[in-house]
Number of protein chains: 2
Amino acid sequence: MQTLSENRCFGGMQGVYKHGSNACECDMTFGLYLPPQAALGPVPILWYLSGLTCTHENAMVKAGVQAHAAAHGMAVVFPDTSPRGDGVTDDEAYDLGQGAGFYVNATQEPWAPNFSMWDYVANELPLLLEAHFPVDAARQTITGHSMGGHGALTLAMGLPGRFASASAFAPIANPSASDWGRKQLAAYLGPDESVWADHDSTILMRTKGFDGPVLVDQGSEDQFLDLLKPQVLAEAMAARRQEGSFRMQKGYDHSYFFVSSFMGDHVAFHARALGLS
Amino acid sequence: MQTLSENRCFGGMQGVYKHGSNACECDMTFGLYLPPQAALGPVPILWYLSGLTCTHENAMVKAGVQAHAAAHGMAVVFPDTSPRGDGVTDDEAYDLGQGAGFYVNATQEPWAPNFSMWDYVANELPLLLEAHFPVDAARQTITGHSMGGHGALTLAMGLPGRFASASAFAPIANPSASDWGRKQLAAYLGPDESVWADHDSTILMRTKGFDGPVLVDQGSEDQFLDLLKPQVLAEAMAARRQEGSFRMQKGYDHSYFFVSSFMGDHVAFHARALGLS
């Protein structure tokens, strides 16, 4: 593993690292914020999954999460959103291929060799983190924005017992029924929609729910409301009697100005679930 | 004046606006954060001046200042760092011309027609803000990073009574004696070094000081310490008996990870100077 950068931040360290990934069969880059408390022993992990077109870097510089992570003593992991590089298949559309992994394991050509972001986030990266950094994999939480909110909720419901809590900012809530989803799930997983169900937060919420608290924030002026479909997730959460909150934030759009505005709430929510505060 | 974007942020609004500038004889773009309190009446202004290569945007998305401005009820202005555009003189070096205005009024060709960033920040933009937004020009404070820290300190000392308080992150503290300064002051102001003195924080601190509190933060691992020369400013502040603090922050570098880590302290410092907290 190679250190690309390390910057002191809120008394801890914001690092960027590169490593060869078995899941994605390419080099992968991720960000990791370690709070000051990591100097004393392993700290809990908050996963932050990013949205379409993002890399590991967007949230790391724009979400303002380090201040809150330092206050609560949590590490924050910022994975990339897809495999990348010259040898990795891409598409000219911004919402397919590199930058648009959708947190699934692709079974279809030409995506199958590299596009295994589920395995990467669920299995490979946690082991790498535990091996190299003072983090405690027994205490994990997860959040994300847009496509990353979709990833956070589907991973949380798909891996019972893994995460103490799950949250999302403006998640792609029902990809099976959205142009942000149908195209990608068909490309990566094939035309059989029954296999898409494990990657649709609304369907997962209807069928199984999450064994911990859930927090979802959505801006009322989000320019992508038609693609995100928050109302069906809100309905499913209420129907499932899911512990947690779905919050409509008046006047906010889809940007990181929205994400950063409520990041403090989300980190505090996860800290409470972990018994840190 | 043209609105380029407006995003809800921490209950207020992060806007970006473009206007024709008389001082710079070109279109200029600036960011303005208005806190929620601006809905009730005019709010004080915190100026944030950015560093070399930056535009209005860097601090707006990376400094985490809006959270603190909202908490204290202060507007934050993010001017650009120079005139810009096809008709504006530039240089192939990153540290001269566009992106490197150094907050002076150029008197030398070919810079004189456009490079009047002192007049722009000191005179033109404040009037524009008062005319169009609920801000109170009687209550102003100023900060900045690197070249912008230089700008903040020189404007504060050069305009007695204008700013209630002044702060800086890793300022170019003694440009008359630095490769970040001698080249630019010579290009913009000519070879007579006596006219550079009004644009050198250390010299201004030695000769007149500031009529309010000053806060300077500097990272001990800053990769540009040789160019910034913090020690001479620290000496000048102490010799002048300048009210305020010079803080050496262990382990921090020159990045926005450093700036964001201490932004809360700076906004609280300015809020206290304004009697807001």
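This is a short chat about a predicted two-chain model, its symmetry and two of its helix pairs.

User: What are the ground rules for this one?
Analyst: It's a predicted model, where local features need pLDDT of at least 70, side-chain atom pairs count only at pLDDT 80 or more, and totals for chains, interfaces and linings use all residues. Residues are numbered from 1 along each chain as its sequence is written, chains are lettered from A and ligands numbered from 1 in the order in which they are written, and side-chain values use heavy atoms, with hydrogens and water left out.

User: What pLDDT does chain A average?
Analyst: Chain A averages 97, on the predictor's 0 to 100 scale of confidence in each residue. 100% of its residues score at least 70.

User: And what ipTM does the complex get?
Analyst: The predictor gives an ipTM of 0.85, along with a pTM of 0.91.

User: Switching to symmetry: what turn lays chain A on chain B?
Analyst: A turn of 180°, with a shift of 0.0 Å along the axis and an RMSD of 0.0 Å. The fit is least squares on the C-alpha atoms of residues with pLDDT of at least 70 in both copies. The two copies are thus related as by a two-fold rotation axis.

User: Which C-alpha of chain A is nearest the axis?
Analyst: That of Lys62(A), 2.6 Å from the axis. The same surface serves both copies, as 100% of the contact residues of chain A recur in chain B (contact means heavy atoms within 4.5 Å).

User: OK, helices. How do H2(A) and H9(A) pack?
Analyst: H2(A), residues 65-72, and H9(A), residues 256-273, pack at about 30° with axes 9 Å apart. Helices here are DSSP runs (H or I, at least four residues), numbered from the N terminus. Axes are lines fitted to C-alpha atoms over the stretch in contact, and angles run from 0 to 180 degrees between N-to-C directions. That angle makes H2(A) roughly parallel to H9(A) (under 35 degrees counts as roughly parallel, over 145 as roughly antiparallel, 65 to 115 as roughly perpendicular and the rest as oblique).

User: Which residues make the contact?
Analyst: From H2(A), Val65(A), His68(A), Ala69(A) and His72(A); from H9(A), Met263(A), Gly264(A), Val267(A), Ala268(A) and Ala271(A).

User: What about H3(A) and H4(A), at what angle do they cross?
Analyst: Roughly 60°, with the axes of H3(A), residues 117-132, and H4(A), residues 147-158, coming within 12 Å. H3(A) and H4(A) are therefore oblique to each other.

User: Who's touching whom there?
Analyst: Trp118(A), Val121(A) and Ala122(A) of H3(A) meet Thr154(A), Leu155(A) and Gly158(A) of H4(A).

Key. Helix = DSSP H or I, 4+ residues; strand = E, 2+ residues; numbered from the N terminus.
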